[in-house]
Amino acid sequence: MLKSLKIAVMTVALSVAGFSANAATLDDVQARGELNCVVTTGLAGFAAPDENGRWDGFDVEFCRAVAAAVLGDSEKVKFVPSTGKTRFTLLNSGEGDILFRNTTETMSRDADLKLTFLPINYYDGQGFLIRKAMGINSASELDGASVCIQTGTTTELNLADYFRANGMSYEPVNIETNEEGIANYSGNRCDLYTTDASGLASTRAALDDPSAHVILPEIISKEPLGGAVRHGDDQWADIGKWVVNAIINAEELGVSSANVGELCAAAGNNPSINRLCGTEGDAGSWIGLDSNWAVRVIEQVGNYGEIFERHIGPNTPLALERGLNAQWTDGGILYAAPIR
Amino acid sequence: MAEVAVSPQRNAISRLWNDKESRSVIIQIITISLVFAFLAYIIHNAVVNLQAIGKGFSYNFLWQPSSYDINQHLIEYNSRSTHFRAMLVGILNTILVAICGIVLASIVGFVLGVLRLSKNWIVNRLAYCYIEYVRNVPVLLHILLVHGLIVHAFPVPRQAISIGDLTFMTNRGIFSPKPLYEPLFLVVVVLFLLGLAFMWWFRRYAQKVQDETGQHYPVFWIGLGAIVGVPLVSFFLLGSPITWDVPELKGFNFTGGMVVRPEFIALLLALSLYTAAFIGEIVRAGILGVYYGQTEASYALGINRGRSLSLVVIPQALRIIVPPLTSQYLNLMKNSSLAVAIGYMDIVATIGGISLNQTGREMECMIIVLALYLVMSLIISMIMNWYNKRIKLVER
């Protein structure tokens, strides 16, 4: 009896000591030697394990880029898969250091959920996927439809607003995971599947016969997707922010994984490139890193254009156009703050 | 210990400690204070950590518009309703599936239990195989399987299976005519309630007469007449004061009428068929637990098979059956939280799911969900304990 008492006392004492403050994420990550990155449970093209079990995709590359900047090795990432519902809890509870999970930046998430959003890395909008055989050409003809939605996303709110604003009725079928949602759509439980247009492209590519389904032209919402970190560590937020900006700026400046070694070997004639390379100025020290941080990112992961082409561009099953996500110099709205 | 015991100068503390009774009191006090200290620490820790990231503890969000829609709502609800109302919708959906599930599971379970005792080899083995299969597969898989079967086996609305052009079976649900009551229908309702009240009185009266004179009344038939017959006759005499709203195919789906969604059917079937397997075994145990001599004795007294079952075996078997049955009912109710996997909008899917995610109030929402399940479990336990007390052996 005395022994069990002792154990109880020790347990209490241990759990009192167990919790520590969550201030310097950078130190924690470097001490751990591994970055914990919250991603989706699986969305082809954005984040999914490949046939060898290695995580790959558009969002995954941003995780790897941060690891390259902070730890020097883009492979030192532990991926924390999350559903739409668990992602913010995982981030806020410290299970993840950073989140890249097709996450829409909204005011309530930024301010009320206490997240700090990183620069937008994909401009998206919510659309509808429907069977061609239904003969529907526009989202204005959807009165009375059954709609499958993944719960815990901004999607279900946009959907409610859209149908209400247009005076149409619908039956929502709120499913926990993307996989079950697609299974219900392909089993014809629903007439429509709705999510961000990029997610629809990914979903459609994974269906048995992609050509039997169309994505309706209407985009019913703005979905600026970006990474996020929790409130309270500005240095860590700055690292995330400037890694994303460096990736976007690199494309604009014509720095790619192929020519970064050559361009960054010594200071050249373009001061912007020099600052990105760290051969001029000391941008790295402003965010607590060395001067080569951006070079490592571009070497190991590539610039924005390379990442896009590799995972979701026209030559991939998703076949997404650059559209809004082209550089501002090419008619898009991708416009990263300069590194200076 | 032994040293202390032989020491002539024992102080008060060691005397208290060596006394068996006071020692147990001391240990209990220490244990309880430790448990509460631990709980207080955990709660304090949560509050401090929430404050550290700037999230205060507040239930104000309950009065904000929920902004999402729910396909099955027993009360008026739309996306402009509050999160509180969304929670009520979720509670009602959970209660609905729990009650229907408990009734269905009990019926199927009792039948299974009896079949399992059947002397017919095939019937017996079939029940055995069913029970062993169902009990050994996780209930989540049953739910997904049944839902998948319904979604894939039933046709889409445009090819609906029509039953007399009134009821339509589709993979979006079973659509049937909805009764619209006219004011005169109230008379029928009142007569039905009067019938119930009459029956309640008449059963006691018949029992009394039987106890005193041994005379039998055909209670069942009189009851049927009072509860069903009289209201039915009055219904037609009043000129059928009901009109029907028949569902019709419009665009993508049927509109009008009543609908039972496949998510509800799947959850109900999976939960009740799963729980029924356990109840079947409990019933079998209960019946086998009644000494066979009792049955033989009642046969010897000339009581027929049916009445000896209902008067001798079942009342005694119930005493064995009811306590474990309570746990099964609780399990069924709690397992209904798996509904979120197929999109049935219960408590977990509404307040513990979408509301939680949209407002970011994890702590607050989870406390609500925990409290609701606790309350519902306690209510079920209370009812079953009351019933258990009523049927237990009265010892004189």
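## Domains of chain B

The C-alpha centres of domain 1 and domain 3 of chain B lie 64 Å apart. Domain bounds here come from an automatic or database domain assignment. That assignment splits chain B into domain 1 (2-52), domain 2 (83-175 + 260-391) and domain 3 (178-245).

Before we go on, a word on what you are looking at. This is a predicted model, in which local features need pLDDT of at least 70, side-chain atom pairs count only at pLDDT 80 or more, and totals for chains, interfaces and linings use all residues. Residues are numbered from 1 along each chain as its sequence is written, while chains are lettered from A and ligands numbered from 1 in the order in which they are written.

## Domains of chain A

Chain A has domain 1 (24-124 + 224-330) and domain 2 (126-221) in its domain assignment. Their C-alpha centres lie 29 Å apart. Domain 1 of chain A gives 18 residues to the contact and domain 2 of chain A gives 16; two residues are in contact if their C-beta atoms, placed from the backbone, lie within 7 Å.

What kinds of residues does domain 1 of chain A bring to the side that touches domain 2 of chain A? There are 9 nonpolar, 7 polar and 2 charged ones. For these classes, Ala, Val, Leu, Ile, Met, Phe, Trp, Tyr, Cys and Pro count as nonpolar, Asp, Glu, Lys and Arg as charged, and the others, Gly among them, as polar.

## Where the chains meet

Now let's look at the two chains together. Contacts link 37 residues of chain B with 39 residues of chain A. On the chain B side, the elements that give two or more residues are α3 (20-52), α6 (139-153), β7 (253-255) and α12 (350-359). The largest share, 7 residues, comes from α3(B). Names like these follow DSSP runs, numbered from the N terminus: helices are H or I runs of at least four residues, and strands are E runs of at least two.

By class, the side of chain B that touches chain A holds 17 nonpolar, 15 polar and 5 charged residues.

## A sheet in chain A

Strands of a sheet pair through backbone hydrogen bonds, either parallel or antiparallel. In chain A, 5 strands form an open sheet with mixed pairing, in the order β9-β8-β10-β7-β11; two strands pair if DSSP finds at least two bridges between them. At the edges are β9 (170-175) and β11 (213-215) of chain A, each pairing on one side only. On average, neighbouring strands of this sheet are turned by 30° against each other, direction ignored.

Strand β8 (residues 145-150) of chain A runs parallel to β9(A), and 6 bridges join them. Try finding Gln150(A), which stands opposite Ile175(A) in β9(A). Helix α7 (residues 178-186) of chain A packs on the sheet, touching β8, β9 and β10 (192-196) of chain A, and its direction makes about 160° with that of β8(A). Axes are lines fitted to C-alpha atoms, for helices over the stretch in contact, and angles run from 0 to 180 degrees between N-to-C directions.

## A sheet in chain B

Chain B has an open sheet of 4 strands, ordered β1-β2-β3-β8, with antiparallel pairing. Its edge strands are β1 (161-163) and β8 (258-260) of chain B, each paired on one side only. From one strand to the next, the twist averages 20°.

Strand β3 (residues 173-176) of chain B pairs with β8(B) in the antiparallel sense over 3 bridges. Ser176(B) has Met258(B) in β8(B) as its bridge partner.

## Helices that cross

In chain A, the axes of helix α3 (residues 58-71) and helix α9 (residues 234-252) come within 10 Å and cross at roughly 110°. That makes α3(A) roughly perpendicular to α9(A); angles under 35 degrees count as roughly parallel, over 145 as roughly antiparallel, 65 to 115 as roughly perpendicular and the rest as oblique. This contact has 9 nonpolar, 1 polar and no charged residues.

In chain B, the axes of helix α4 (residues 83-116) and helix α9 (residues 262-288) come within 6 Å and cross at roughly 40°, which makes α4(B) oblique to α9(B). Their contact divides into 17 nonpolar, 7 polar and 2 charged residues. Also in chain B, helix α10 (residues 292-300) and helix α11 (residues 305-335) pack at about 160°, with their axes 10 Å apart, so α10(B) is roughly antiparallel to α11(B). The residues of this contact divide into 3 nonpolar, 5 polar and no charged.
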